[in-house]
Amino acid sequence: MINSAPKDSIKSKIKNIFGDYVESIEVKGTKFNFKLDEYASRDIVDNFLYYLNKSYEELCTEKGIFLIIDDINGLSESKEFVDWYKKFADSIEMKNYNIPLYILLAGYPEKFNNLVNQDESFSRIFHYDHIDYLNSEEINEFFQDTFDSVGIKCDEKSLEYMIAFSEGIPLMMQEIGDSVFWEVESNSVNMDYAIKGIVEAGRLIGKRQIKPVMDKSIRSKNYESILMKLGDKGVDSFKKSDFEKFLSPSEKKVFSKFLQRATELNILESIGKDKSGEYKFSNRLYLVYFMILNLEKEYNLN
């Protein structure tokens with residue numbers, strides 16, 4: 001939506017929509033930050049449809065609005081969000097606003113199911129669509145096109161790293177692209193920028209999605225070191241008997257309990273038949289996070 005507006009008018013139009021609620025506007029990245037106190041936050045939440053309509057009038061011409069609510073994991077347990085969204089959807093139908101609008105809630109299926117568990121009628125608002133994993137060629141195209149659009153070139157080795165840590169995870173792909181963009185100080189991405197961007201993306205993802213689970217439920221140093229070794233190997237699945245040879249004596253003592261606990265927390269899941277001891281990460285994001293922690297350690301970026 002913002003990209004469709006002339007660059008020289010973006011600042012004035014955004015100011016006209018949100019007034020003093022806007023703290024800063026970065027036209028290069030079409031990014032703006034809100035300065036919100038409790039009153040301002042409540043005003044935008046309560047009058048979201050009004051601000052959406054005003055945004056359409058100011059920033060769009062014949063085009064509509066494609067609104068992405070990205071990464072719903074943090075909202076998945078929120079009854080307040082479910083109630084707010086249902087009220088918002090009802091308001092669109094009842095009020096006299098003619099906004100060409102498409103809203104996408106992006107997240108993992110189990111997180112959307114958590115929202116539905118708050119109120120079963122929530123699911124009837126949406127059309128559910130499963131998006132297949134992006135392959136390496138598609139991720140490569142995303143990075144190339146995105147950086148080309150702002151006059152930045154990526155060298156081959158940097159692209160290989162960015163793709164390797166993004167494969168199968170659109171969320172990580174977006175975070176890495178954004179983090180690398182803000183690291184770059186010239187018109188080209190080299191390995192230094194790529195690695196720093198990958199590590200920063202891992203920190204952001206970890207803070208929002210991984211650490212809340214880890215901090216509450218996995219506090220053992222041996223458990224953490226086992227996860228680091230899984231990340232170092234970079235494999236989605238493994239057999240208990242094969243992986244044990246990489247463990248220290250103290251890690252071997254707790255390995256069975258670790259597997260039980262990680263399975264209970266849905267970090268790992270058992271995939272072998274007849275209790276063969278084969279496991280995989282329930283979400284590839286966990287594996288990539290620990291791969292990035294190993295990368296951070298290797299390049300001493302702590």
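# A tour of the helix contacts

Select helix H10 (residues 221-233) and helix H13 (residues 284-298): they pack at an angle of about 90°, with axes 7 Å apart. This is a predicted model. The two helices, H10 and H13, are therefore roughly perpendicular to each other, since angles of 65 to 115 degrees count that way.

Now show the side chains where they meet. On the H10 side, pick Leu227, Met228, Leu230, Gly231 and Asp232. On the H13 side, pick Leu287, Phe290, Met291, Leu293 and Asn294. By class, the contact of H10 with H13 has seven nonpolar, two polar and one charged residues.

**Zoom out**

Show the whole chain. Its secondary structure comes to 13 helices and nine strands. The chain has 302 residues, and 38% of them count as buried. Look next at contacts with a separation of 6 or more: residues 24 or more positions apart account for 63% of these.

**Stop: Glu296**

Go back to H13 and select Glu296, which sits in that helix. Is Glu296 buried or exposed? Glu296 counts as buried, at 10% relative accessibility; the cut-off for buried is under 20%.

Add Arg203. The side chains of Glu296 and Arg203 make a polar contact at 2.8 Å. Then add the other partners. Leaving aside neighbours within four places in sequence, Glu296 is in contact with Val199, Arg203, Leu301 and Asn302.

**Stop: Asn300**

Move on to the segment after H13, where you will find Asn300. Asn300 has a positive phi of about 55°, although it is not a glycine. Asn300 is exposed, with a relative accessible area of 64%.

**Stop: Asn266**

Where is Asn266? Select the loop between helix H12 (249-264) and strand S8 (268-270); Asn266 is found there. Asn266, too, is not a glycine, and it has a positive phi, of about 65°. Its relative accessible area is 41%, and Asn266 is partly exposed.

**Stop: H3 against H4**

Select helix H3 (residues 48-59) and helix H4. For H4, the range is residues 79-94. H3 and H4 pack at an angle of about 55°, with their axes 10 Å apart. That makes H3 oblique to H4.

Show the side chains at the contact. From H3, take Phe48, Leu49 and Leu52. From H4, take Trp84, Phe88, Ser91 and Ile92. Which classes do you see in the contact of H3 with H4? The residues divide into six nonpolar, one polar and no charged.

**Stop: Lys86**

Stay on H4 and select Lys86, which has its place in this helix. Lys86 is partly exposed, with a relative accessible area of 23%.

Now find what Lys86 touches. Neighbours within four places in sequence aside, Lys86 is in contact with Asp119, Ser121, Phe122 and Ile125. Set a distance label between the C-alpha atoms of Lys86 and Ile125: they are separated by 7.9 Å. Along the chain, Lys86 and Ile125 are 39 residues apart.

**Stop: helix H7**

Select helix H7 (residues 156-164). Which of its residues are buried? Colour Ser158, Leu159, Met162 and Ile163, which are buried in H7. Turn the view to look down the axis of H7: the buried residues fall within an arc of 130°, so they line one face of the helix.

Slide to the start of H7. There, a side-chain oxygen of Asp155 reaches to within 3.3 Å of the backbone nitrogen of Lys157.

**Last stop: Asn140**

Finish in helix H6 (residues 136-148), the place of Asn140. What does Asn140 touch, not counting residues up to four places away in sequence? The residues to select are Leu159 and Ile163. Both belong to the buried set in H7.

Asn140 itself counts as partly exposed, at 26% relative accessibility. For a final distance label, use the C-alpha atoms of Asn140 and Ser166, which are separated by 9.8 Å. Along the chain, Asn140 and Ser166 are 26 residues apart.

Notes: Residues numbered from 1 in each chain as written. Predicted model: local features only at pLDDT ≥ 70, side-chain atom pairs only at ≥ 80, totals over all residues. Heavy atoms only, no water. Buried < 20%, exposed > 50% of the residue type's maximum accessible area, 1.4 Å probe, protein only. Helix = DSSP H or I, 4+ residues; strand = E, 2+ residues; numbered from the N terminus. Arc of directions from axis to C-beta. Polar contact = N/O pair within 3.5 Å; in protein donor to acceptor, adjacent residues only side chain to side chain. Axes fitted to C-alpha atoms, helices over the stretch in contact; angles between N-to-C directions. Parallel < 35°, antiparallel > 145°, perpendicular 65-115°, else oblique. Contact = heavy atoms within 4.5 Å. Nonpolar A, V, L, I, M, F, W, Y, C, P; charged D, E, K, R; others polar.
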